[in-house]
Amino acid sequence: PIKAILAEPIIDQKLADMHFSWSDFFDLINNSELNTYTKERCRRVFQRLVESEEKIHGEVNNPHELGNIDTLIDIVSVIIGFNILGAKNIYASPFPFDVGIIKTKHGFIPSFAPATSEIVASENAPVIQVDIGYRLGEMVTPTGAALVVELCEFCSLDMKITKIGYGAGQKDLKDFSNVVSMWKGESQEINNDLTDKVLLIETNIDDISGEIFGFTMEKLLNLGAIDVWATSIFMKKNRPAYKISVLSNPSELSRCIELLMEETSTLGVRVSEVKRYKSERKLIQLKTKYGLVSVKVRFNSKGKDYFPEYEECRKVALQENVPLIKVFKAVEHEI
């Protein structure tokens, strides 16, 4: 259905008049031909809307004024658009905050609607007041706020601008231009090829054994998790516990969460997006008296560092029936 909607510039009036529930939107996304990464981001934006709307209205599975097909098209199109642009890191300026009113099914409410305010506050996103006088109109919508807080970072940026684009809305905001600008560029400090965004999944557990954690960790790594670790903590009533942390690519998020739910006693997990800065590195094959062994080369501003690959050294030690430390020393000698 999404593919057909995006391909058709004029939406059928019957479709335009339909009212969708939150579960309808999630079903449309899950059953679409969108790739896993796009689906996950769409679900996360919709989840922001769900949480804010349900908190404000106290109703479950009812999008109210967001229940039309435009909401789906807006979210999917923006995420696909950023994918087409190849945007690795996205940054946003503060939300414009003004004094005004808008007319809704519930009557007149502030133009910075309660659901919008809830989304902005949930991420401590910055706002800046735009003094254009008391008027009828909305400068930030809940959908727009959800997209920005989920996809973007709010921080100062040292960037070399390569392209600028503008998009003008049809609504007349009188003395304020209804224009959004997008700047594309490259960081002047850090190679963008060595930065990416990954997801940090965390949960606190006070009744897990070392055997269960070791087994779960192994399964998570085999599933594709970037890294898994545990930190000793104290929970309520001073109970010793572990905080289990999993670093995951967005495409593996659902499977990692599902595995944690199946293999541990956790009742829920926290997910946050983190930026990762990676060292430039490559693998080389080094000839030793035990044969070829892979060595990781890390490049830095002062030269190179070499690190023998543990798994290969372990394999050689078992095959040659020699102590592991001797294999490491042999590799280090060749380095």
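Q: Which strands form the open sheet of three strands, and in what order do they stand?
A: Happy to start there, with a reminder that this is a predicted model. Reading a sheet begins with the order of its strands and the sense of their pairing. Here the order is 12-13-14, and the pairing is antiparallel.

Q: Which strands stand at the edges of that sheet?
A: To find an edge, look for a strand with a single partner. Strand 12 and strand 14 (303–308) each have a single partner strand, so one side of each is left without a neighbour in the sheet. From one strand to the next, the twist averages 35 degrees.

Q: How many bridges join strand 12 and strand 13, and how many residues lie between these strands?
A: For a pair of strands, look at the bridges and then at the connection. Strand 12 (residues 281–288) pairs with strand 13 (residues 291–300) over eight bridges in the antiparallel sense. The two strands form a hairpin, with two residues between them.

Q: Which residues of strand 13 stand opposite Leu 283 and Leu 286?
A: Following single residues across the pair makes the register easy to see. Leu 283 stands opposite Lys 296, while Leu 286 has Val 293 opposite it. When you look along such a strand, keep in mind that side chains in a regular strand alternate between the two faces of the sheet.

Q: Which strands does helix 10 lie across, and which does helix 11 touch?
A: For a helix on a sheet, note the strands in contact and then the angle between directions. Helix 10 (residues 310–320) lies across strand 13 and strand 14, and runs at about 160 degrees to strand 13. Helix 11 (residues 324–334) packs on the sheet too, touching strand 12, strand 13 and strand 14. The direction of helix 11 makes about 105 degrees with that of strand 12.

Q: What is the strand order in the open sheet of four strands?
A: The reading goes as before: order, then sense, then edges. The order is 9-10-8-11, with antiparallel pairing. Strand 9 (227–235) and strand 11 (270–277) are at the edges; each has a single partner strand, so one side of each is left without a neighbour in the sheet. Direction ignored, neighbouring strands of this sheet are turned by 30 degrees against each other on average.

Q: How do strand 9 and strand 10 pair, and which helix packs on them?
A: Strand 9 and strand 10 (residues 239–248) pair over nine bridges, in the antiparallel sense. Helix 8 (residues 210–223) packs on the sheet and touches both of these strands, its direction making about 145 degrees with that of strand 9. For a residue to locate in the pair, try Asp 227, which stands opposite Leu 247 in strand 10.

Q: Which residues make the nonpolar surface patch?
A: A patch is read by its members and by the elements that supply them. Ile 161, Ile 164, Tyr 166, Val 179 and Trp 183 make a patch of about 540 Å². Strand 6 (159–168) and strand 7 (179–187) are the elements that give two or more residues to the patch, and strand 6 gives the most, with three.

Q: Is Trp 183 buried or exposed, and why?
A: The cut-off for exposed is over 50% relative accessible area. Trp 183, found in strand 7, counts as exposed because its relative accessibility is 51%.

Q: How many helices and strands are there in the protein, and what percentage of its residues count as buried?
A: Stepping back to the whole chain, there are 11 helices and 14 strands. Of the 335 residues, 33% count as buried.

Definitions and conventions: Residues numbered from 1 in each chain as written. Predicted model: local features only at pLDDT ≥ 70, side-chain atom pairs only at ≥ 80, totals over all residues. Heavy atoms only, no water. Buried < 20%, exposed > 50% of the residue type's maximum accessible area, 1.4 Å probe, protein only. Patch = residues over 30% accessible without salt bridge, like charges linked within 9 Å, V, L, I, M, F, W, Y side chains within 5 Å. Areas by Shrake-Rupley, 256 points an atom, 1.4 Å probe, with all protein chains shown as cover. Salt bridge = Lys/Arg side-chain N within 4 Å of Asp/Glu carboxyl O. Pairing = 2+ DSSP bridges. Axes fitted to C-alpha atoms, helices over the stretch in contact; angles between N-to-C directions. Contact = heavy atoms within 4.5 Å.
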